[in-house]
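Grab a viewer and let's work through a few exercises on packing and ligand contacts. Try each task yourself before reading its solution.

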Amino acid sequence: MSNKACIIGICGGSGSGKSTVTKKLIELIGRENVSVIEQDSYYKDQSNLVFEDRIKTNYDHPLAFDNDLLYEHLKMLKEGREIEKPIYDFSIHNRKKEKEIVIPKPIIILEGILIFSEANLIDIMDIKVFVDTDADVRIIRRIKRDMKERGRSLDSVIEQYLSTVRPSHLQFVEPSKRYADIIVPEGGENEVAIDLLYQKIKSLV
Ligand code: C5P
Ligand code: MG
């Protein structure tokens with residue numbers, strides 16, 4: 001392979017275990033060799049809207065993301081240039097003012113629910129993984145996570161799940177599985193799949 005960085009896409013529904021797969025891969029590859037980019041960081045800036053309107057956005061729709069900026073940044077990282085990644089704050093449904101410098105590394109992991117829903121993103125990834133986890137497991141994980149880490153109430157998580165997360169999952173996330181090179185059932189717990197992935201990554205860099 002060329003001396004350009006290798007981009008690994010980890011897609012899957014909310015609560016599927018993408019972050020766990022990413023964490024396990026980082027442990028194997030070594031933090032010094034990986035930059036992680038979450039598509040979540042590229043939710044569009046919504047400073048023009050008040051909080052009451054920002055909660056109405058469908059965050060599970062491809063149009064909620066600034067995928068052009070994400071693509072630009074991936075191209076830059078691939079060419080060995082550093083980027084200023086936006087930082088997202090789930091509790092206020094908006095980007096923070098600060099940015100984070102991301103230094104290019106030989107391996108880039110791109111993680112997100114809708115990374116297989118945009119042609120140029122699909123094209124730039126070298127390995128595409130879909131983490132496939134049953135909906136009941138995903139909603140349980142999401143309730144726990146959103147209440148603990150994202151400042152949400154149980155009622156708000158359930159209402160959002162039924163009104164936007166579930167329909168958009170079925171419309172956009174689930175069908176995007178077809179673009180994956182490999183589908184990993186039960187993400188983070190699947191040691192065999194993670195090891196196979198690791199072997200493949202080693203052969204590429
Ligand atoms: O980490 P995970 O893949 O679950 O993050 C994506 C989820 O974050 C989406 O399903 C979306 O509903 C949720 N989200 C949210 N509020 C925002 C932005 C995203 O609940 N302001
Ligand atoms: Mg996540």
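Here are three exercises on this predicted model, each with a worked solution.

**Exercise 1.** Find which residues of the largest nonpolar core touch the most other members, and which elements give two or more residues to this core.

*Solution.* Start with the membership: the core has 29 residues, and Ile37, Tyr43, Leu74 and Leu110 touch the most other members. Next, go through the elements. Strands E1 (6–12), E3 (83–89) and E5 (107–112) each give two or more residues, and so do helices H3 (67–78), H4 (119–124) and H6 (154–173). Finally, pick out the top contributor: H3 supplies the largest share, three residues.

**Exercise 2.** List what Leu74 touches, leaving out residues up to four places away in sequence. Then look for another core apart from the largest one.

*Solution.* Work outwards from the Leu74 side: with those sequence neighbours skipped, its contacts are Ile7, Ile37, Ile108, Leu110, Leu121 and Ile124. Now step away from that core, and you'll meet another one, of 20 residues, including Ile10, Val129, Val184 and Ala193.

**Exercise 3.** Work out which residues come nearest to ligand 1, then check the polar distances and how much of the ligand the protein covers.

*Solution.* First, the surroundings: 17 residues lie around ligand 1, and Ser14, Lys18, Asp60, His93 and Arg142 come nearest. Second, the polar pairs. A polar side-chain atom of Tyr88 sits 2.8 Å from a ligand nitrogen. On the oxygen side, a side-chain N or O atom of Arg150 is 3.1 Å from a ligand oxygen, and for Arg152 the distance is 2.9 Å. Last, the cover: ligand 1 on its own has 480 Å² of accessible area, and the protein covers 98% of that.

How values were computed:
Residues numbered from 1 in each chain as written. Chains lettered and ligands numbered in written order. Predicted model: local features only at pLDDT ≥ 70, side-chain atom pairs only at ≥ 80, totals over all residues. Heavy atoms only, no water. Core = buried A, V, L, I, M, F, W, Y, C linked by side-chain atoms within 4.5 Å. Buried < 20%, exposed > 50% of the residue type's maximum accessible area, 1.4 Å probe, protein only. Helix = DSSP H or I, 4+ residues; strand = E, 2+ residues; numbered from the N terminus. Contact = heavy atoms within 4.5 Å. Near = heavy atom within 4 Å. Polar contact = N/O pair within 3.5 Å; in protein donor to acceptor, adjacent residues only side chain to side chain. Areas by Shrake-Rupley, 256 points an atom, 1.4 Å probe, with all protein chains shown as cover.
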